Amino acid sequence: MERNRGTEGIVLVGIVAKGDHIALRLAAKLMELEGVPVAAGSLDVSQHRDDRHLREPAHRATSNVPPIDGKVVVLVDDVIHHGRTARAAMDALMDFGRPRAIQLAVLR
C-alpha cells in the first residue's frame with residue numbers, strides 16, 4: 001500500500017500452492033484497512049518453469065487472474081529461494097495481459 005500510494009490500480013496474484021491463499025488474505029486485510037476492494041487471483045506457473053524436466057508431472061491447478069492490463073501486479077508467494085518460481089510467474093502473467101509493473105511480496 002505504501003509503495004503504491006494506496007490500492008488503486010493494484011492486483012494481487014498469488015502463486016498456486018500457498019501464495020494464492022496469502023493473496024486472498026492480504027486482499028481481505030486491505031479491504032478492511034482501505035474500505036476499497038482489491039482484486040486478487042491465483043496463478044499456476046507449472047508450465048512456465050525451466051526445471052519441468054526435473055519434476056514429476058503434477059496436477060495442474062487452474063489460474064484465476066483478474067484483468068491486469070495497465071495495472072500494478074503484486075505477485076504473492078510464501079518464500080523465495082532461487083527465484084525460479086518468480087521468473088516463471090512473470091512469464092505466466094504475460095499470458096493474461098501486460099501489467100504496468102510487477103512487484104513481489106513474499107514472507108520470510
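## Starting with exposure

Buried means under 20% relative accessible area, exposed means over 50%, and partly exposed covers what falls in between. By that yardstick K29, with a relative accessible area of 41%, is partly exposed. Keep in mind that this is a predicted model.

## The sheet

Let's begin with the strands. Four of them make an open sheet, in the order β2-β1-β3-β4, and the pairing is parallel. The edges belong to β2 (39-43) and β4 (101-106), each of which pairs on one side only. Going from one strand to the next, the twist averages 25 degrees.

Now for the pairings one by one. β1 and β2 run parallel and share five bridges, with I15 standing opposite L43 in β2. Five bridges also join β1 to β3, again in parallel. Here G14 sits opposite V76 in β3, and V13 faces L75 in β3. Strand β3 (residues 72-77) then pairs with β4 over six bridges, in the parallel sense. V76 stands opposite A105 in β4, while L75 stands opposite L104 in β4. You can therefore follow L75 in two directions: to V13 of β1 and to L104 of β4.

## The two central strands

How many of the six residues of β1 are buried? Six of the six are, so β1 is largely enclosed by the rest of the structure. In a regular strand, side chains alternate between the two faces of the sheet. In β1, that puts I10, L12 and G14 on one side and V11, V13 and I15 on the other, and all are buried.

β3 tells a similar story: six of its six residues are buried, so this strand too is largely enclosed by the rest of the structure. V72, V74 and V76 point one way, V73, L75 and D77 point the other way, and all are buried. Note that D77 is part of that buried set.

## A buried serine in β2

S42 lies in strand β2. Is it buried or exposed? Buried, with a relative accessible area of 13%. Leaving aside residues up to four places away in sequence, S42 touches V13, G14, V16, D20, T62, S63, N64 and V65. Two of those names, V13 and G14, are also among the buried residues of β1.

## Helices on the sheet

Helix α1 (residues 19-34) lies across β1 (10-15), β2 and β3, and runs at about 150 degrees to β1. Helix α2 (residues 84-93) packs on the sheet as well, touching β1, β2, β3 and β4. The direction of α2 makes about 140 degrees with that of β3.

## Salt bridges

Opposite charges can pair when the charged atoms come close, and the count here comes to three salt bridges. One of them is K18 with D78, where the closest N and O atoms are 3.9 Å apart. K18 is in the loop between β1 and α1 and D78 in the loop between β3 and α2, so the pair ties together parts that are 60 residues apart in sequence. D78 is buried, at a relative accessible area of 18%.

The other pairs are within helices. In α1, the side chains of K29 and E32 meet at 3.1 Å, N to O. The two are three residues apart in that helix, so about one helical turn separates them. E32 is exposed at 59%, whereas K29 is partly exposed at 41%. In α2, D91 pairs with R87, with closest N and O atoms 2.4 Å apart. These two are four residues apart, again about one helical turn. D91 counts as partly exposed at 36%, and so does R87 at 29%.

## Out on the surface

I80, L104 and V106 form a nonpolar surface patch with about 230 Å² of accessible area together. I80 is in the loop between β3 and α2, and its relative accessibility of 46% makes it partly exposed.

Two backbone oddities round things off. R5, in the segment before β1, has a phi near 55 degrees, which is positive in a residue other than glycine. R5 is exposed, with a relative accessible area of 80%. A17, found in the loop between β1 and α1, has a positive phi of about 130 degrees although it is not a glycine. A17 is exposed too, at 56%.

Conventions: Residues are numbered from 1 along each chain as its sequence is written. This is a predicted model: local features need pLDDT of at least 70, side-chain atom pairs count only at pLDDT 80 or more; totals for chains, interfaces and linings use all residues. Side-chain values use heavy atoms; hydrogens and water are left out. Two strands pair if DSSP finds at least two bridges between them. Axes are lines fitted to C-alpha atoms, for helices over the stretch in contact, and angles run from 0 to 180 degrees between N-to-C directions. Contact means heavy atoms within 4.5 Å. Patches are made of residues with over 30% relative accessible area and no salt bridge: like charges are joined within 9 Å, nonpolar side chains (Val, Leu, Ile, Met, Phe, Trp, Tyr) within 5 Å. Accessible areas come from the Shrake-Rupley method with a 1.4 Å probe; for residues, only the protein chains shown count as cover. A salt bridge is a side-chain nitrogen of Lys or Arg within 4 Å of a carboxyl oxygen of Asp or Glu. Buried means under 20% relative accessible area, exposed over 50%, partly exposed in between (1.4 Å probe, protein chains only).
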